[in-house]
Amino acid sequence: MSKLRIAVQKSGRLNEDSMRLLKDIGISIDNGKDQLKASAKGFPVEVFYLRNGDIPQYLKDGVVDAAIIGENVLIEKGEGINIVEKLGFSSCRVCIAVPKANGYTSIKDLEGKRIATSYPNTVQIYLDKNGVNANLHIINGSVEIAPNIGLADAICDIVSSGSTLFKNNLKEVDTILKSEAVLAVSPKLNKERQAILETIQFRIQSVLKGRNSKYVLLNAPNDKIQDIISVLPGMKSPTVLPLAEEGWSSVHSVISKNEFWEVIDELKSKGAQGILVCPIEKMVL
Ligand SMILES: Nc1ncnc2c1ncn2[C@@H]1O[C@H](COP(=O)(O)OP(=O)(O)OP(=O)(O)O)[C@@H](O)[C@H]1O
Ligand SMILES: O=P(O)(O)OC[C@H]1O[C@H](OP(=O)(O)OP(=O)(O)O)[C@H](O)[C@@H]1O
Ligand SMILES: [Mg+2]
C-alpha cells in the first residue's frame, strides 16, 4: 500500500508544533530526528525531516506529497503549491523596517535605496506594485544587523514580537504579508495518496476545532436557565441536566476560545455558579 510522504522542518521554529500536531492526529513516529525519514506506526505515512526553505522545491518535484511549512516561504518560492489547511501556530509577518531615526513616510522613500532581505521575491513584487526601484541585498540570516553595519538602508524580514527589531534599533514601517504554519500539498499528488491526505485533513480539523474551543459546565437555579442558555451556542444546543438539589440544573456547552471571557462574564451576571472550564482534545462535528 502506498504511503503519504509528509515533510516537516528538521529543526527550528516549526518543528516542535509540527510534531505535536502529528502526534495529536494519531501519527506517532518511533525513531528520532537524527533519521531524515521515518515511518508512522499504524498509519500509511512517512515523515521527512527537511529544511523549511527547501520544502517548496520538494513539493514542486513531487518528492514529498505534503508538508507543514511557513506560509511566508510558500509565498516566496512556492508557486503552484496549494495550501489546504492553516494550522494556527508560528504566526508572524513579513515587514519592512528602517532605523528608528529614519523619518520614513511611505514605501516611495525606499526609491534607490538598499534593502537587505531573505525574501527577495516577496519584496520585489511589493516594490513593483508600488512602482519603487530599490537594490536588494540577499542574506540568509541575521538580516536585522544589516543597517547597523552599513550594508543596507532598510530590511525586509520576519517579525513576531518585534523584539529583534527593537534590539537592533529598527522600526517596523510596512507589513507586506501575514503568515502562519500551513499544510501544503504537492501539485503531483496522486489519487491514492489524496485519500490518505483527506483522512489527515479531517483529523487536523478535529484537533484545531478542539484547540479553539472550551467545554464549560455550570450550575444555575431553574428560573435562570433560559436566560443562561441564550448566551451559550453549544455544538447543537446546550445540555441541561437536573441537579440532585431540587430547583437547580447543570448546563454543559462548548464556547469558542475567542469569545471566552466575554461569555463567562455574561454567564456570571445571569446567575451561573460553579463554572468549570475544560480543554477539548478533539471535536468531530
Ligand atoms: N520569530 C518568529 N515567530 C513566529 N514564527 C516565526 C518566527 N520566525 C520564523 N517563523 C516562522 O517559522 C518558519 C521557520 O523559521 P526558522 O527560523 O525556524 O527556519 P528558517 O531558518 O527560516 O528555515 P530552515 O528550516 O530552512 O533553516 C518561518 O518560515 C516562519 O514561517
Ligand atoms: O519579532 P521577533 O519575535 O523578535 O522575531 C523575529 C525574528 O525571528 C526570526 O529569527 P530566528 O530567531 O528564527 O533566527 P534565524 O534568523 O536564525 O532564523 C526572524 O528572522 C527575526 O529575526
Ligand atoms: Mg528564523
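This briefing covers the domains of a predicted model and the residues around its two ligands. The domain assignment divides the protein into domain 1 (4-89 + 180-210), domain 2 (92-179) and domain 3 (213-279). The shell around ligand 1 draws at least three residues from each of domain 1 and domain 2, while the shell around ligand 2 takes at least two residues from each of strand E9 and helix H5.

**Domains and annotation**
- The centres of domain 2 and domain 3, taken over C-alpha atoms, are separated by 49 Å.
- In an unreviewed entry, UniProt lists residues 51-205 under "domain: ATP phosphoribosyltransferase catalytic".
- Across residues 51-205 the chain is 28% helix and 30% strand, and the C-alpha atoms at the two ends are 25 Å apart.

**Around ligand 1**
- Ligand 1 has 15 residues around it, of which Gly-12, Arg-13, Asn-52, Gly-70 and Ser-160 come nearest.
- By class, the shell around ligand 1 consists of nine polar, four nonpolar and two charged residues.

**Around ligand 2**
- The residues around ligand 2 include Arg-13, Gly-141, Ser-142 and Glu-144, together with Asp-157, Ile-158, Val-159, Ser-160, Ser-161, Gly-162, Ser-163 and Thr-164.
- Strand E9 (154-159) gives the most to the shell around ligand 2, with three residues, and helix H5 (163-167) supplies at least two.
- The shell around ligand 2 divides into seven polar, three charged and two nonpolar residues.

**Residues listed for both ligands**
- Arg-13 and Ser-160 are among the residues that come nearest to ligand 1, and Arg-13 and Ser-160 also appear among the residues around ligand 2.

Technical notes: Residues are numbered from 1 along each chain as its sequence is written. Chains are lettered from A and ligands numbered from 1 in the order in which they are written. This is a predicted model: local features need pLDDT of at least 70, side-chain atom pairs count only at pLDDT 80 or more; totals for chains, interfaces and linings use all residues. UniProt positions are given in the numbering used here, feature names are shortened, and annotations may be inferred rather than shown by experiment. Helices (H or I, at least four residues) and strands (E, at least two) are DSSP runs, numbered from the N terminus. A residue is near a molecule or strand if its C-beta atom, placed from the backbone, lies within 6 Å of it. Ala, Val, Leu, Ile, Met, Phe, Trp, Tyr, Cys and Pro count as nonpolar, Asp, Glu, Lys and Arg as charged, and the others, Gly among them, as polar. Domain bounds come from an automatic or database domain assignment.
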